[in-house]
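Trainee: Please take me through this model one question at a time. I should like the reasoning before each answer.

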Amino acid sequence: MAQKTVAWKDDSGDNITLTADAWSGAQQVTVQTPENFGKYRALNIVFYSVADATKSATLKVTQEAATALLSPNTVVFDNTETTAKTITLSTNISTLSSTSIALEGADASQFTLSALSALSNGEATFTIKPNSVNQGTSSRNCSITVTVGRLDVMNIPVEQLADVVVETEYLNYRLDGQIIKYDGFLFDGDIIVTVPAAQGTLSVQGQVVRDKKVTYASGRVETTTENVPSSNTIYYSVRLRGVDSGDDRAWLYSNTTAGAFTSGVDFTVPSLQYTLFVGEGGSLGIGLSDKSIQTEDSWTEDIFDFKENKRTGYSDYSNTNLPNKTVGVGGGSVSCTASAYGTCTYSSGASRTENVPMTFGFVESVSWASITSQTPGAAGTSLASSSCTIYVSGTEYITTVRTLSLSVRPRLADGSTGGGVVGYITVTQSATSSIISSEIMDTSGVGMSMNGVNIQQGEYSPIDIEPDSMIVVNFNSSYSGRLRLIARDSNTPIWYIDSPGVGTDYSFSTNLILDVHYQTGEVYLVWIG
């Protein structure tokens with residue numbers, strides 16, 4: 001056997017081996033070549049005749065390329081991902097002896113690359129994963145280089161996304177290094193002090209700072225403090241709050257054109273006549289905002305408290321209105337009202353004209369009436385009525401008018417009396433007519449009805465009869481003689497009938513308001529008009 005070798009011209013170092021029985025005559029030549037780990041290759045082998053150099057034959061030898069495919073060809077992780085992702089290498093080569101993988105790039109140390117698995121059915125795998133969550137604002141980047149034989153080096157870009165900002169908030173605007181003076185007196189801003197509840201000048205100076213709250217896609221929140229840029233327009237307000245007003249803010253000053261709050265601003269706190277007339281004490285605070293960003297002011301801690309200032313009494317009443325009341329013989333509830341202005345004096349020593357809240361009481365106690373409720377009018381500069389409800393008992397027979405007197409006094413917030421008597425209210429209960437008996441013989445045997453209502457012997461059976469209305473009387477037992485019905489202070493009968501028949505309707509009318517009674521065998525008409 002004779003052999004010859006011919007080198008491939010692809011710098012692989014591989015040789016083509018030609019084997020034949022001899023190199024003369026007609027021969028069968030066997031061509032062999034090692035596995036190609038590179039690109040497609042081709043080579044023409046020329047055979048020349050030794051006897052005649054002009055004679056030759058050409059053998060073209062070709063070999064298909066090695067193949068390698070990566071899936072996926074890029075890898076992207078979310079900023080919170082730390083789970084490995086798998087990459088598959090598909091190839092037609094028979095061994096991975098000439099295959100390698102590696103990480104490259106500035107952030108390569110932030111990732112872990114596994115070893116390449118064994119080749120099976122033309123596939124091998126490897127994994128890559130981030131070592132940690134990316135809390136930075138820049139993404140992490142590297143690449144996986146894959147070398148398969150003499151094929152071109154392949155690169156897989158790898159990225160772990162940044163923890164992106166989803167929201168930025170600016171809040172808690174406040175003064176840093178603030179200097180606070182009230183009427184020239186310097187206060188430490190961290191100490192609440194007591195100042196007179198009166199007019200004064202508040203001076204405030206300091207650098208405006210704010211909190212910057214940044215929320216990231218991962219849910220992470222970072223809060224830092226920063227100076228507000230001097231180019232921002234800062235709005236500032238002053239509030240004065242009393243105990244009674246709770247969270248309600250009384251605006252003493254609010255600007256619309258202020259620049260950066262750095263040079264100091266003086267606020268004139270109005271006198272009590274306009275601010276702290278209501279409430280036990282109060283507090284003063286500064287509000288700051290950058291309204292191009294935020295919609296509401298951020299308030300400083302209350303700078304200082306005012307001394308207690310509350311209403312202590314009323315005097316010099318004017319515009320008094322205390323109407324008297326009447327109630328009918330039947331009694332019931334009656335509402336009494338009162339209103340007045342008066343000079344209100346405060347614990348600070350200030351005073352002004354205000355509405356007088358009032359309380360009601362009996363001048364002398366009575367057994368037939370009681371006060372069931374009281375509602376004082378609202379304190380303040382607007383006139384507001386105070387009221388009470390009195391219950392008066394009713395009675396069947398009241399022959400004389402009865403009265404009671406209510407004293408009306410100022411009422412303070414704690415329920416105590418705040419001054420002298422404002423005035424008095426008289427409540428009058430009307431009386432019924434005198435009861436005049438009929439000038440008839442004993443009528444104990446008489447039974448009757450009036451307007452369809454039975455008048456029972458020995459019982460009070462009221463019938464309300466309006467003036468000028470028709471009255472129908474019916475007797476259910478006989479009576480021999482004249483039956484007369486007599487009303488107040490008159491011996492002249494309202495109506496009479498001689499020997500009334502049984503079961504017959506008798507009608508008459510009157511211009512009085514009547515209430516009908518039947519007692520001890522006698523019929524009475526009681527005038528209640």
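Trainee: Is Ala108 buried or exposed?
Mentor: Buried means under 20% relative accessible area, exposed over 50%, and partly exposed in between, with a 1.4 Å probe and protein chains only. Ala108 has a relative accessible area of 16%. Because that value is under 20%, the class of Ala108 is buried.

Trainee: Which atoms do the side-chain values use, and which are left out?
Mentor: This is a predicted model, in which local features need pLDDT of at least 70 and side-chain atom pairs count only at pLDDT 80 or more, whereas totals for chains, interfaces and linings use all residues. Residues are numbered from 1 along each chain as its sequence is written, and side-chain values use heavy atoms, leaving out hydrogens and water.

Trainee: Leaving aside neighbours within four places in sequence, which residues is Ala108 in contact with?
Mentor: Ala108 sits in the loop between strand E9 (99–104) and strand E10 (111–113). Strands (E, at least two residues) and helices (H or I, at least four) are DSSP runs, numbered from the N terminus. One partner is 34 residues away in sequence, yet its C-alpha is 5.4 Å from that of Ala108. With contact taken as heavy atoms within 4.5 Å, the partners of Ala108 are Leu103 and Cys142.

Trainee: How many helices and how many strands are there in the protein?
Mentor: The protein has 529 residues, and buried residues make up 37% of them. Among contacts with a separation of 6 or more, 61% are between residues 24 or more positions apart. The count of helices and strands is zero helices and 41 strands.

Trainee: About how much accessible area do Trp23, Val29 and Val31 have together?
Mentor: A patch is made of residues with over 30% relative accessible area and no salt bridge; like charges are joined within 9 Å and nonpolar side chains (Val, Leu, Ile, Met, Phe, Trp, Tyr) within 5 Å. Val29, in the loop between strand E2 (15–20) and strand E3 (30–32), is partly exposed at 32%. Areas come from the Shrake-Rupley method with a 1.4 Å probe, and for residues only the protein chains shown count as cover. Trp23, Val29 and Val31 form a nonpolar surface patch whose accessible area together is about 220 Å².

Trainee: How many salt bridges does the rule count?
Mentor: Side chains of opposite charge can pair when their charged atoms come close. The rule asks for a side-chain nitrogen of Lys or Arg within 4 Å of a carboxyl oxygen of Asp or Glu. The resulting count of salt bridges is twelve.

Trainee: How many residues apart in sequence are the parts that Asp10 and Arg41 tie together?
Mentor: The closest N and O atoms of this salt bridge are 2.9 Å apart. Asp10 lies in the loop between strand E1 (2–7) and E2, and Arg41 in strand E4 (residues 41–48), so the pair ties together parts with a sequence separation of 31 residues.

Trainee: Which residues are joined into one network by salt bridges that share partners?
Mentor: Asp10 also forms a salt bridge with Arg150, at 3.9 Å between the closest N and O atoms. This pair links distant parts of the chain, Arg150 being in the loop between strand E12 (140–148) and strand E13 (154–160), 140 residues from Asp10. Asp14, likewise in the loop between E1 and E2, meets Arg150 in a salt bridge of 3.9 Å, N to O. Shared partners thus join Asp10, Asp14, Arg41 and Arg150.

Trainee: What distance does the polar contact between the side chains of Arg352 and Glu354 have?
Mentor: Arg352 lies in strand E28 (residues 351–355) and counts as buried at 17% relative accessibility. A polar contact is a pair of N or O atoms within 3.5 Å; within protein, one must be able to donate a hydrogen and the other to accept it, and residues adjacent in sequence count only if both atoms are side-chain atoms. For the side chains of Arg352 and Glu354 the distance is 2.6 Å.

Trainee: How many disulfides does the rule count?
Mentor: A disulfide is a pair of cysteine sulfur atoms within 2.5 Å. Cys336, buried at 0% relative accessibility, has its closest cysteine sulfur in Cys388 at 4.7 Å, too far for a bond. The count of disulfides comes to zero.
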